[in-house]
Amino acid sequence: MLFWIISALLTVVVAVLLLSPLMRASARATRYDEGEAAVYRDQLRELERDKAEGLISAEDADYARAEIGRRLLAIAGREKAGEEGAEVAAEAPAPRRRYTLSQAFILLCLPVIGLAGYLEIGSPGTPDAPLEARIENPGEDVDLLVAKVERHLATSPDDGTGWNVLAPVYFRIGRYADAELAYRNAIRILGPDAERMNGLGETLVLRNDGIVTDDAQMAFQAALKLEPNNPRADFYLALALEQSGRRAEALAAFQDIAKASPPTAPWMPLVNQHIAANSAGMPLANPPAETAAAGTTPANPAAPGNPSAEDIANAQAMSEADRGEMIRGMVASLDARLKEDPNNFEGWMRLVRSYAMLKDKEKAEAALQDGLKAFPAAGAEGRQLLAMARELGLDVEEVSQ
């Protein structure tokens with residue numbers, strides 16, 4: 001009942017606020033006409049004074065008086081107007097009155113139509129659902145499920161199971177900082193296991209734009225100790241070797257994953273791509289966040305400079321010289337694209353790494369310098385570029401000055 005009373009009062013208040021300017025329109029127009037007529041009457045008096053003082057000729061005064069009289073007839077039609085002017089003045093407000101009444105009719109009908117529609121298709125009898133009740137019964141609403149667990153953990157921060165449940169949910173919805181905290185709390189309270197360590201490692205990778213950092217490597221290595229047959233951890237550790245420029249070791253690591261995995265395993269196409277790329281010395285993109293969450297972590301085929309499956313197949317059939325020429329062409333293409341669109345952090349990472357793999361230190365350092373212009377060394381991306389350059393043996397100090 002309170003809802004209906006408040007709704008009715010608000011409807012009345014809004015209707016009055018909207019109608020009052022329209023209802024006052026006629027009165028404002030009348031006052032305006034009266035004021036304008038008073039101005040013209042003052043002008044007539046001034047005209048007579050000017051004529052009496054000889055400031056204006058009699059002929060000009062007659063012309064001016066006629067014009068002022070015409071204007072008075074047009075707006076007022078009372079003092080010096082005849083019957084025709086009076087009729088015009090009497091009929092002029094009628095359109096405004098009709099307009100005001102039509103607007104009032106529409107404004108009054110709108111609340112009635114809205115109320116009828118709500119009663120027909122709405123649910124006025126549905127009881128209120130306060131936040132407390134919705135959190136207790138969240139259904140399939142992920143946000144409410146997360147809020148329910150967060151509320152529980154706020155009062156029971158040592159509930160390791162709660163942190164363990166919440167961590168992968170944070171990861172899936174992209175809240176990586178919260179996911180890292182949840183994984184660390186779960187590991188602290190429940191102890192490490194392979195799943196939690198892999199989850200922490202992947203979270204650290206995604207928080208660092210696909211770079212397998214030292215902390216992430218430690219998490220994956222711990223997962224391997226707990227579960228030796230762990231292709232997820234093996235993949236990221238092999239990727240870390242690839243990112244650091246240790247292509248031969250990365251190739252061997254990816255080949256070991258392929259040997260230990262069933263041919264139909266879902267990660268095998270990705271592993272085979274890395275095997276082919278490392279065999280040919282081609283650059284591969286870092287894994288994007290949306291596929292890392294699924295555990296497959298494929299490279300991004302749309303990234304500039306990334307080889308297609310056809311490129312990889314062709315490279316394996318080429319001679320060493322032709323393969324090297326093709327790789328240099330791909331790297332040069334990536335370099336050209338980055339000059340046109342420098343706001344591509346992964347592209348700069350691949351370009352610097354590719355020139356280093358081609359033993360072209362001068363171009364690698366030039367690419368690093370260009371990359372630092374787009375992503376300064378003071379930022380997180382710039383620091384990652386410098387860290388990778390140090391691992392590749394580039395002269396970081398000279399370039400960053």
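Within what distance do the axes of helix 18 and helix 20 come, and at roughly what angle do they cross? The first point below takes up this pair, and the later points turn to other parts of the chain.

1. In this predicted model, the axes of helix 18 (residues 345-357) and helix 20 (residues 380-391) come within 10 Å and cross at roughly 15 degrees. Helix 18 is therefore roughly parallel to helix 20, since angles under 35 degrees count as such. The crossing in which helix 18 passes helix 20 is right-handed. On the side of helix 18, the residues that meet the partner are Phe345, Trp348, Met349, Val352 and Arg353, and their counterparts in helix 20 are Glu381, Gln384, Leu385 and Met388.

2. As to the overall composition, the protein chain has 21 helices and zero strands. Its length is 401 residues, of which 37% count as buried. When contacts between residues at least 6 apart in sequence are considered, 52% of them join residues at least 24 apart.

3. Helix 9 (residues 176-190) contains 15 residues. From its first C-alpha to its last, helix 9 reaches 20 Å, close to the 21 Å expected at 1.5 Å a residue. Its buried residues are Tyr176, Ala179, Glu180, Ala182, Tyr183, Asn185, Ala186 and Ile187. Gly191, just after helix 9, takes a positive phi of about 95 degrees.

4. The pairing of helix 9 with helix 10 may be set beside that of point 1. The axes of helix 9 and helix 10 come within 9 Å and cross at roughly 155 degrees. The two helices are therefore roughly antiparallel, as angles over 145 degrees are counted in that class. Their crossing is left-handed. Helix 9 makes the contact through Tyr176, Ala177, Ala179, Glu180, Tyr183, Arg184, Ala186, Ile187 and Leu190, while helix 10 contributes Arg196, Met197, Gly199, Leu200, Thr203, Leu204, Leu206 and Arg207.

5. Two of the helix 10 residues in this contact, Leu200 and Leu206, merit separate comment. Leaving aside residues up to four places away in sequence, Leu200 touches Glu180, Tyr183, Arg184, Ile187 and Ala219. Leu206 is in helix 10 (residues 194-207). With a relative accessible area of 9%, Leu206 is classed as buried because the value is under 20%. The C-alpha atoms of Leu206 and Phe171 are 9.4 Å apart in space, although 35 residues separate the two in sequence.

6. The largest nonpolar core has 41 residues, and the members that touch the most others are Leu200, Val212, Phe220, Phe235, Tyr236 and Phe254. At least two residues of this core come from each of helix 7 (142-155), helix 8 (160-172), helix 9, helix 10, helix 11, helix 12 (231-243), helix 13 (247-260) and helix 14 (268-280). The helix that gives the most to this core is helix 12, with eight residues. Another core, of 24 residues, lies apart from it and includes Ile327, Leu334, Tyr355 and Leu392.

7. Helix 12 has 13 residues, which should span 18 Å at 1.5 Å a residue, and the end C-alpha atoms are 18 Å apart, in agreement with that value. Because 10 of its 13 residues are buried, helix 12 is largely enclosed by the rest of the structure. The buried residues are Ala233, Phe235, Tyr236, Leu237, Ala238, Leu239, Ala240, Leu241, Glu242 and Gln243. Just after helix 12, Gly245 has a positive phi of about 90 degrees.

8. The loop between helix 10 and helix 11 (214-226) contains Asp209. Asp209 is not a glycine, yet has a positive phi of about 60 degrees. Most residues other than glycine have a negative phi, and this backbone angle may therefore be of interest to a reader inspecting the loop. The relative accessibility of Asp209 is 34%, and the residue therefore counts as partly exposed.

9. Asp215 is placed in helix 11. At 45% relative accessibility, Asp215 counts as partly exposed. Its C-alpha atom is separated by 7.5 Å from that of Gly201, and the two residues are 14 residues apart along the chain.

Notes:
Residues are numbered from 1 along each chain as its sequence is written. This is a predicted model: local features need pLDDT of at least 70, side-chain atom pairs count only at pLDDT 80 or more; totals for chains, interfaces and linings use all residues. Side-chain values use heavy atoms; hydrogens and water are left out. Helices (H or I, at least four residues) and strands (E, at least two) are DSSP runs, numbered from the N terminus. Buried means under 20% relative accessible area, exposed over 50%, partly exposed in between (1.4 Å probe, protein chains only). The expected span of a helix is 1.5 Å times one less than its number of residues. A nonpolar core is a set of buried Ala, Val, Leu, Ile, Met, Phe, Trp, Tyr and Cys residues joined through side-chain atoms within 4.5 Å. Contact means heavy atoms within 4.5 Å. Axes are lines fitted to C-alpha atoms, for helices over the stretch in contact, and angles run from 0 to 180 degrees between N-to-C directions. Angles under 35 degrees count as roughly parallel, over 145 as roughly antiparallel, 65 to 115 as roughly perpendicular and the rest as oblique. A crossing is left-handed if the near helix is turned anticlockwise from the far one by less than a right angle, and right-handed if clockwise.
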